[in-house]
Amino acid sequence: MTRRQKKRMLVLAGSLTVVICVGMLIGTVYAQTMEQEQQEEAAVQEIVLPDVLEEYTADKTAENTKEALTQDTEEKEENLPEDWNLILVNRTHPIPEDYEVELKNIGSGHKIDARAYDDFRAMIQAAKREGVYIYVTSSYRDLDKQTELYNKKVESYVMQGYSYESAREQAGQVVAVPGTSEHHLGLALDLVSSEYRKLDEKQENTKGFQWLEEHSWEYGFILRYPNGETDITGIIYEPWHFRYVGLEAAKEITEAGLTLEEYVGAKPVSEGLEELEAQEKEKEQSSYLSDSTEEDTYHTYESNALGQTEGV
Ligand SMILES: [Zn+2]
């Protein structure tokens, strides 16, 4: 290689280095610019997004609040207390299918929820000490027993010439539809006085009823179906049907003159039945449209919805 050639090589290498260096420099600057742009863009987004988000969040919050409020009113029925002594069973609140209770004998084949046993004994003894003799005519009733009573009633109407549908309607007015009787809980008792043992309104004139009216709350019991409260309880006046709710609730309910429905915050039964009826009608109409028959469901309800049921 000549000196001249060497020189040319050096110049070439030098030029290449310069080109590479410049290239790298440009690359770096470009990258920095990009980064900066991205940062700026992000900053812009940071400025814009919060506004949009805030608005969105505000909207969502309003929506949620509205939803929560609506749910609150609608779900009022579903938020009933779960305490064993306050469980509500009525025509619009059937007993939970898996309901289990430990029973204790109170004599003559009658049984009561074991947790109410002591208070019940104390009440009967206290009355006795004052010369008032109270008898139990009905206590815990299992679902089968109620179904049997109800079916028998339906059958008797059919025998009298009623159609099956109207026989069910009639039966529903006299015997509580299975699952809707408070007696399934083991917390309800039908109590009569020694001098008059019929389950009718005259029971209220007995010594037994008068004693219970004054003192039953002291032992955790309330008169469950007071006079003039049928719209709320769904049951006629029953001056014999008492329900154990525990000492505290019995005191509060009695002092405030409430029904159990009002105390636990449930809708009046009449209102619940109207809603059910509307729902069923709607269902019936849509079933006509969809060409499927839900007649059975409808009629089952219909027989439940009738007039006033004697809970007994
Ligand atoms: Zn009863």
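**Sheet, helix H2 and nonpolar core of the predicted model**

Helix H5 (207–215) lies across strands S3, S4, S5 and S6 and runs at about 130° to S4. Angles run from 0 to 180 degrees between N-to-C directions, with axes taken as lines fitted to C-alpha atoms, for helices over the stretch in contact. Helices (H or I, at least four residues) and strands (E, at least two) are DSSP runs numbered from the N terminus. The model is predicted: local features need pLDDT of at least 70 and side-chain atom pairs count only at pLDDT 80 or more, whereas totals for chains, interfaces and linings use all residues. Residues are numbered from 1 along each chain as its sequence is written.

The strands crossed by H5 form an open sheet of 4 strands in the order S3-S4-S6-S5, with antiparallel pairing; two strands pair if DSSP finds at least two bridges between them. S3 and S5 stand at the edges with a single partner strand each, so one side of each has no neighbour in the sheet. Neighbouring strands are turned by 40° against each other on average, direction ignored. The antiparallel pairing of S3 with S4 extends over 4 bridges, and valine 136 stands opposite leucine 191 in S4.

The 13 residues of H2 should span 18 Å at 1.5 Å a residue, which agrees with the 18 Å between its end C-alpha atoms; the expected span is 1.5 Å times one less than the number of residues. Phe120, Met123 and Ala127 of H2 are buried (20 or more other C-beta atoms within 10 Å of the residue's own; exposed, 12 or fewer; partly exposed, in between; C-beta atoms placed from the backbone). These buried residues cover an arc of only 65° around the axis, which puts them on the same side of H2; the arc is that of the directions from the helix axis to the C-beta atoms. The face turned away from the buried side carries the exposed residues Asp118, Gln125, Lys128 and Arg129. The buried residues of H2 pack against S1 (103–107), S2 (110–113), S3 (134–138), H5 and S5, with contact defined as C-beta atoms, placed from the backbone, within 7 Å.

The largest nonpolar core has 33 residues, a core being a set of buried Ala, Val, Leu, Ile, Met, Phe, Trp, Tyr and Cys residues joined through C-beta atoms within 7 Å. Leu191, Phe221, Ile222, Phe242, Val245, Ala250 and Ile253 touch the most other members. Elements giving two or more residues to this core include H2, S4 and H7 (247–256), and S4 gives the most, with 4 residues.

Note on methods: Contact = placed C-beta atoms within 7 Å.
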